Amino acid sequence: EIDRWALAKYAECDERIITAYDDYDYAAVFQAANTFITVDVSAFYVDVTKDRMYTFGAKSEARRSGQTAMLAIVDGLARLLAPVLSVTMDELWQTLPGPRLPSVHLALFPMGEETARVRDPGLVARWAALSAVRDEVNLALEQKRQEQVIRANLSAQVRIEADGEEGRLLAAYRDFLPTLFGVSHVELHIGAADG
């Protein structure tokens, strides 16, 4: 599901970039690309999926799913950023696997059906809520690192008490929470927290 989330976030970025080009707002092109690459991809998606990408077998379905999502994102961004980063994107284009046109400048922007099929506002909203919880957990883990209670996130065990909508969301992702938070174990208690 996180691979589908990454593609849905890419589709949102694609739409913002194309709108910015239509408006001749080149600063917005860079802003949309920069935010997507640094916040959504680097700080979240790659961080959460890196263990799967490095440790799962080459033919693992989970690893292939991540690789497919990453290739689709890089391919699309290369085409979207080619007008403003022409040499860099053409060099990147030459290194991408699979059959492709000889230059990124001959390829069309990803739009219409190509990005519409991966749009999923509900999925994006769900993962925004999960990301918000992850941010809270990361703050608590950072404090414990500074206090020298833990040395690394993977040595930590996290206990979460949640209720209501957040509790239902976390319960639905119970098995994925250690991966999401980058910790060894998550103890989840659903229901009203004691004062």
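Select Thr 115 first and display its surroundings: leaving aside neighbours within four places in sequence, Thr 115 is in contact with Tyr 10, Ala 11, Asp 14 and Pro 110. Bear in mind while looking that this is a predicted model. Thr 115 sits in helix α5, which covers residues 113-116, and because its relative accessible area is 1%, under the 20% cut-off, Thr 115 counts as buried. Now add Tyr 10 and draw the C-alpha to C-alpha distance to Thr 115, which comes to 8.3 Å although the two residues are 105 apart in sequence. Then show the side chain of Arg 119, with which the side chain of Thr 115 makes a polar contact at 3.3 Å.

Move next to Arg 79, which is found in helix α3, residues 61-81. Arg 79 has a relative accessibility of 10% and therefore also counts as buried. Not counting residues up to four places away in sequence, Arg 79 touches Trp 93, Val 104, Ala 107, Leu 108, Phe 109, Pro 110 and Glu 114; Pro 110, in this list, is also one of the contacts of Thr 115.

Finally, zoom out to the whole protein and colour by secondary structure, where eight helices and two strands appear, following the order α-α-α-α-α-α-β-α-α-β along the sequence. The C-alpha atoms fill a box of roughly 60 × 35 × 30 Å along the principal axes, and 37% of the 195 residues count as buried. Among contacts with a separation of 6 or more, 67% come from residues 24 or more positions apart. Colouring by charge brings up 20 positive and 29 negative side chains, with the centres of the two sets 6 Å apart.

Note on methods. Residues numbered from 1 in each chain as written. Predicted model: local features only at pLDDT ≥ 70, side-chain atom pairs only at ≥ 80, totals over all residues. Heavy atoms only, no water. Helix = DSSP H or I, 4+ residues; strand = E, 2+ residues; numbered from the N terminus. Buried < 20%, exposed > 50% of the residue type's maximum accessible area, 1.4 Å probe, protein only. Contact = heavy atoms within 4.5 Å. Polar contact = N/O pair within 3.5 Å; in protein donor to acceptor, adjacent residues only side chain to side chain. Lys, Arg positive; Asp, Glu negative; His and termini not counted. Charge placed at Lys NZ, Arg CZ, Asp CG, Glu CD.
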